[in-house]
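Visitor: Hi, could you walk me through this one? I'd like to start with how far to trust it.

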Number of protein chains: 2
Amino acid sequence: MARTAGSDGERTEAAIREAAVDLIARHGYEAVSMRQLAARVGVQAAALYRYFTTKEDLLFTLMREHMEALLTAWDEARPATTEPVARLAAFVANHIAFHIERRSQTHISNMELRSLSPERLTFILRLRTSYEKELRAILREGTEEGAFDLDDIGLAAMAVIQMITGVIVWFRPDERLSVEGVTQTYLSMTMRLVGATTNRETQHVHAGTRLRA
Amino acid sequence: MARTAGSDGERTEAAIREAAVDLIARHGYEAVSMRQLAARVGVQAAALYRYFTTKEDLLFTLMREHMEALLTAWDEARPATTEPVARLAAFVANHIAFHIERRSQTHISNMELRSLSPERLTFILRLRTSYEKELRAILREGTEEGAFDLDDIGLAAMAVIQMITGVIVWFRPDERLSVEGVTQTYLSMTMRLVGATTNRETQHVHAGTRLRA
DNA sequence: GAATTAATTGAACGTACGTTTTATTAAAGA
DNA sequence: TCTTTAATAAAACGTACGTTCAATTAATTC
């Protein structure tokens, strides 16, 4: 046997990615063998190496694309307004929507970092940091404007990220809760957490507005 | 060679546990080999099997004892009062103190669940659930009494747990922040999150949550 | 329709793993 | 002191892993 009838590189590569995301999210990177992955795709293990030079290269590709997609999603969802509460709400809503839609990829990006080589780990962490910076900027500027009430911006940012990312640990789309309902609840918890001034728009919003660095 | 001079079963077992916690937390369960672990202990791999029947048995033992220790710690820290804010504050403070003190074990219990057999996984998850029930009870009763303002108890409980467990992801004891400072900040974020009635009770909080020495 | 390129198979390589077995020595008990 | 028990080493077993290589067939190009 050799090349099979109807074989197509693009389709095979897509099938590999899809199967890898599912298997790795379910069993963990180290627990999934190349033979197991190949079997799921319907191909021999050797065929995988036409698309990814090593197993780690496959993992890295999945992670990089996930992180880049997250940054892109936020770039597109980012609101024009400078109003802190609206910006924070947009960030949280986008984060939750993205993570629910891509549960498996997120799980991988959170759990399998230690299987990356040092250079690749650094690369992924840089992407993650630049995403977290977005939240910190919102919280910092909102605090400066008096819309939020925070002592420690970095600490609050970590708390918010942990809280809203935690959704994927327990939330299942088919349950009593809708995505919208969960998002609403998390939005209100977030606003309380950061001490957002409620309902009435803050009068002094524009007083101290500055451009971000 | 055979039994070595000064060898002692109890000391060896303790050394195995200690080395295993450190190595597994650092590299992951699957990435740590029995030979690597044995080398760290200063012993041959075969010697490990005198203390743990399999590699998974070792992992399970570490996890079970960690979860039981967590429940015991809360049992001892549980305040006599029924005052909701004080109870919640005690829970959060104990949780953070415990998790900072046992970073590596917590990391293992959170990350390596999928390496357990189904029965053992169920066992560990049962312990975890019974711990989370404690928090839910506090939030439910506090809400009924009007001390908290929550729509969805279960959802709020998950959010709080995720937030306060997240401390171990980034907190390092030797940094600008002290354990006490971090605990205080998380306490106030938690109280806001659950919509606790403020100020008067807040002072009560501070009085009731002195950290155990 | 011949030549070239794309896609895959099947077999193999070397290595590392968890675990078992057997032998051997140290310590404890009689 | 002699016997028993505790603690370990050393070697081996079978297996599964990531990866490579050569051969082979399908699709595309000229």
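**Confidence, fold and contacts**

Guide: Happy to. Over residues 199–213 of chain A, pLDDT (the predictor's confidence in each residue, from 0 to 100) stays under 50, and the model has 13 contacts beyond four places in sequence for them. Two residues are in contact if their C-beta atoms, placed from the backbone, lie within 7 Å.

Visitor: How should low pLDDT be read?
Guide: Where pLDDT is low, don't read the predicted coordinates in detail. This is a predicted model, where local features need pLDDT of at least 70, side-chain atom pairs count only at pLDDT 80 or more, and totals for chains, interfaces and linings use all residues. Residues are numbered from 1 along each chain as its sequence is written, with chains lettered from A and ligands numbered from 1 in the order in which they are written.

Visitor: What does chain A average for pLDDT?
Guide: The average is 91, and 92% of the residues of chain A score at least 70.

Visitor: And how many helices and strands in chain A?
Guide: Chain A has 10 helices and 0 strands. These are DSSP runs, numbered from the N terminus: helices are H or I with at least four residues, strands are E with at least two. The C-alpha trace of chain A spans about 75 × 40 × 30 Å along its principal axes.

Visitor: Switching to DNA: which residues come nearest to DNA strand D?
Guide: Ala2(A), Arg3(A), Arg3(B), Gly9(B) and Ala46(B), out of 26 residues around the strand. A residue is near a strand if its C-beta atom, placed from the backbone, lies within 6 Å of it.

Visitor: Which helix gives the largest share of that surface?
Guide: H2(A), with 3 residues. Helices supplying at least two residues each include H2 (34–41) of chain A and H1 (9–27) of chain B.

Visitor: Now the two chains. How many residues of chain B are in contact with chain A?
Guide: 21 residues of chain B are in contact with 22 of chain A. On the chain B side, H8 (153–165) and H10 (179–193) each supply at least two residues, and H8(B) gives the most, with 6.

Visitor: What turn lays chain B on chain A?
Guide: A turn of 180 degrees with a shift of 0.0 Å along the axis, giving an RMSD of 0.0 Å. Copies are superposed by least squares on the C-alpha atoms of residues with pLDDT of at least 70 in both. That is the relation of a two-fold axis. The same surface serves both copies, as 100% of the contact residues of chain B recur in chain A.
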